Each structure stands twice: as C-alpha cells, then as structure tokens.
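Okay, thanks everyone, let me get the model up on the screen. I'll talk about confidence, then one strand, then the core and the cysteines.

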Amino acid sequence: VKYTYDIGLIPQNSTFSIAPDLWDEALDMIADVSVQSFDWDCSATLLSGGNDGVLTGTVNVTVPAGEQKVMFDDLNIDMPGMNYRIETSCYSPLYANATISSVSEPFHVHDFPKTGLLNESGSMLTYSGPLKVVKDLVKAFESNMGALTCKGCTSSKTYKGP
C-alpha cells in the first residue's frame, strides 16, 4: 500500500476520502490488475500526532481482486489539529507476507464553522412621531432598498424613493 498524494487540509467534522494504491514494491509502481488475484481486507487507523481527534466512518474495507485502490470514502475527524497521519494496513491470507501497510504524509484538520451566504435580508422599522424628524431619512431612501410606507402622513401614504 502506498499514498501517492498528500491528503492536504481537512475541515473538522466533514466527510473526506482517501484512496492509497495497492503498490508493487518490486516494480515501484501501482500493482497491475493482472497480479491482483485475491481480495485484501484493509483498515485505516488515525495516528494522532499528539492531537485528540477520533477517526470515524467506514475504517474497514475489502478490496476485491483486480482493484488497484483502497477506497475509504466516508471518513471524518472530529477535532482540529496538526500533523495527523493515517496508517492503512491490508491483509490477505493468500499473500506470502500476509500484511502490507503504509502511513500517509502528515496532514492538518482545521476548524470549519457552519456558515452560509446571505443572499437577502429584511428589516422592519416602525416610527411614530412627526414626519419632520425622519424627513431626511425618508428622502434618502432609494427604491432598490425596498418599500417605505407612511401611514397617517399628510402628503403621501406611500413613498418609494426619490
């Protein structure tokens, strides 16, 4: 097994995937499908690097004969931290050395607050009193801001900008 890419920066509590390759050590390349004649039982284990995070999701998978990647596609780490690593170990009773394993390069998990893009908002203001007190505000109001209604005004009941 070999990680041929960096995992990178992972948002806390967000699902991410890793897919290390089944590696042919003798040829120093991804194992050819023609030599993948048996299944592998693989596991992913978090090496915390001094952090408190826990790896959850499907951490045990079976790689069918002929596949070249060990796919863990729903992993999650619950705590931010630096220098986490994941160890992937694969076992097959049909393989002479029984177990193969690899450790990823260090990666970081960052805080990921729930945010959203505000497209539209509204507010309502109610004023009761003489019009002359808010006259400049009423004059400055533009129609692209929404609607301005004036109840009980002497000149106009609705004002929609200049």
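So, confidence to begin with, since this is a predicted model. The mean pLDDT over the chain is 85, and 88% of the residues come in at 70 or better. Where is confidence highest, and where is it lowest? The top is strand β6, residues 55–56, at a mean of 97, and the bottom is strand β13, residues 158–159, at 44. Around that low spot, residues 156–162 have pLDDT below 50. That stretch still makes 18 contacts in the model beyond its near neighbours in sequence, but please keep the pLDDT in mind when you look at those.

Now let's go to β5. Side chains in a regular strand alternate between the two faces of the sheet, and you can follow that here. Trp40, Cys42, Ala44 and Leu46 make up the covered face of β5. Asp41, Ser43, Thr45 and Leu47 are on the uncovered one.

Which strands does β5 pair with? On one hand there's β7, antiparallel, with four bridges; if you want a landmark, Trp40 sits opposite Val63 of β7. On the other hand there's β9, also antiparallel, joined to β5 by seven bridges. The landmark there is Leu47, whose bridge partner in β9 is Arg85.

Next, the core. In soluble globular proteins, nonpolar side chains tend to be buried together. The largest nonpolar core in this model contains 25 residues, and Ile86 and Phe107 have the most contacts inside it. The elements giving it two or more residues are β2, β5, β7, β8, β9 and β11. And β5 turns up again: its four residues are the largest share of that core.

What does Ile86 touch, if we skip residues up to four places away in sequence? Its contacts include Tyr3, Ile7, Phe16 and Ile18, then Ala44, Thr45 and Leu46, and also Leu75 and Phe107. So you'll see Ala44 from the covered face of β5 among the contacts of Ile86.

Last stop, the cysteines. How many disulfides does the structure hold? Just one, between Cys42 and Cys90, with the sulfur atoms 2.1 Å apart. The link ties together distant parts of the chain, 48 residues apart, with Cys42 in β5 and Cys90 in β9. It's right-handed, at 115° about the S-S bond. Are these two cysteines buried or exposed? Both Cys42 and Cys90 are buried.

To wrap up on β5: it is bridged to β9 seven times, and Cys42 and Cys90 link those two strands through the disulfide as well.

Key: Residues numbered from 1 in each chain as written. Predicted model: local features only at pLDDT ≥ 70, side-chain atom pairs only at ≥ 80, totals over all residues. Heavy atoms only, no water. Disulfide = S-S within 2.5 Å. Buried < 20%, exposed > 50% of the residue type's maximum accessible area, 1.4 Å probe, protein only. Core = buried A, V, L, I, M, F, W, Y, C linked by side-chain atoms within 4.5 Å. Contact = heavy atoms within 4.5 Å. pLDDT = per-residue confidence, 0-100. Pairing = 2+ DSSP bridges.
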